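Student: I've got a structure open and I'd like to know where the labels come from. Can we go through a few of them together?

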Amino acid sequence: MENEQYEQYEYARKRLNQKKNLYFHFVLFLLGSVFLTLGNHFKVFGFESNWSLWVITTWTFLFILHFIKVFITDRFMNKNWEKEQIERLVTQQKRKISQLQTQIEEDSSIKPQ
């Protein structure tokens, strides 16, 4: 029981850390977008084109991927999902092994010795 509580604690700690990093990424994204837009508006870097729009668009895409990983992918594919998949694969392997053993026994009983 103690091991299960430790696993639950570690999972909760990991999820909290993921969410904290996502929120930090969001704040960094907002501040960075403001500074990039101001830098582009005042032509701080000397470029004439609207380059900050491309940078912010790329950064938005990366943030969306980070959001999907934290709130969608990791939420459904957690430890319980991993355990279920492992158990399913082990069951399949045991079934195949038993089928092969049965087939070998049948083949050995049919062959004359």
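Student: What makes glutamate 10 partly exposed?
Tutor: This is a predicted model, and in it glutamate 10 has a relative accessible area of 23%. Buried means under 20% and exposed means over 50%, so 23% makes glutamate 10 partly exposed.

Student: And why is the contact between arginine 13 and glutamate 10 called a salt bridge?
Tutor: The cut-off is a side-chain nitrogen of Lys or Arg within 4 Å of a carboxyl oxygen of Asp or Glu. Arginine 13 and glutamate 10 meet at 2.7 Å, N to O, so the pair qualifies as a salt bridge. Both residues sit in helix H1, three residues apart, which is about one turn of the helix. Arginine 13 is partly exposed too, at 44% relative accessibility.

Student: How do you know that aspartate 74 is buried?
Tutor: Its relative accessible area is 16%. The limit for buried is under 20%, so aspartate 74 gets that label. Its side chain meets that of lysine 69 in a salt bridge of 2.9 Å, N to O. Lysine 69, at 43% relative accessibility, is partly exposed.

Student: How many salt bridges turn up in the whole structure?
Tutor: The search finds three. One of them joins lysine 83 and glutamate 7, at 3.2 Å, N to O.

Student: What makes that one a tie between parts that are 76 residues apart in sequence?
Tutor: Lysine 83 belongs to helix H3 (residues 79-110) and glutamate 7 to helix H1 (residues 2-41), so the pair links parts that far apart. As for accessibility, lysine 83 comes out at 42% and glutamate 7 at 36%. Partly exposed is what lies between the 20% and 50% limits, so that label fits lysine 83 and glutamate 7.

Student: Why is the order of elements written α-α-α?
Tutor: The chain has three helices and zero strands, and the string gives its elements from the N terminus on.

Student: How do you know that the chain isn't a compact globule?
Tutor: Set its radius of gyration against the rule: a compact globule of 113 residues would be near 13 Å, but the chain has 27 Å. The C-alpha trace spans about 95 × 40 × 15 Å along its principal axes.

Student: What share of the residues counts as buried?
Tutor: Buried residues are 15% of the 113 in the chain. The chain exposes about 9900 Å², with carbon and sulfur atoms supplying 65% of that.

Definitions and conventions: Residues are numbered from 1 along each chain as its sequence is written. This is a predicted model: local features need pLDDT of at least 70, side-chain atom pairs count only at pLDDT 80 or more; totals for chains, interfaces and linings use all residues. Side-chain values use heavy atoms; hydrogens and water are left out. Helices (H or I, at least four residues) and strands (E, at least two) are DSSP runs, numbered from the N terminus. The radius of gyration is taken over C-alpha atoms; the globule rule is 2.2 Å times the number of residues to the power 0.38. Buried means under 20% relative accessible area, exposed over 50%, partly exposed in between (1.4 Å probe, protein chains only). Accessible areas come from the Shrake-Rupley method with a 1.4 Å probe; for residues, only the protein chains shown count as cover.
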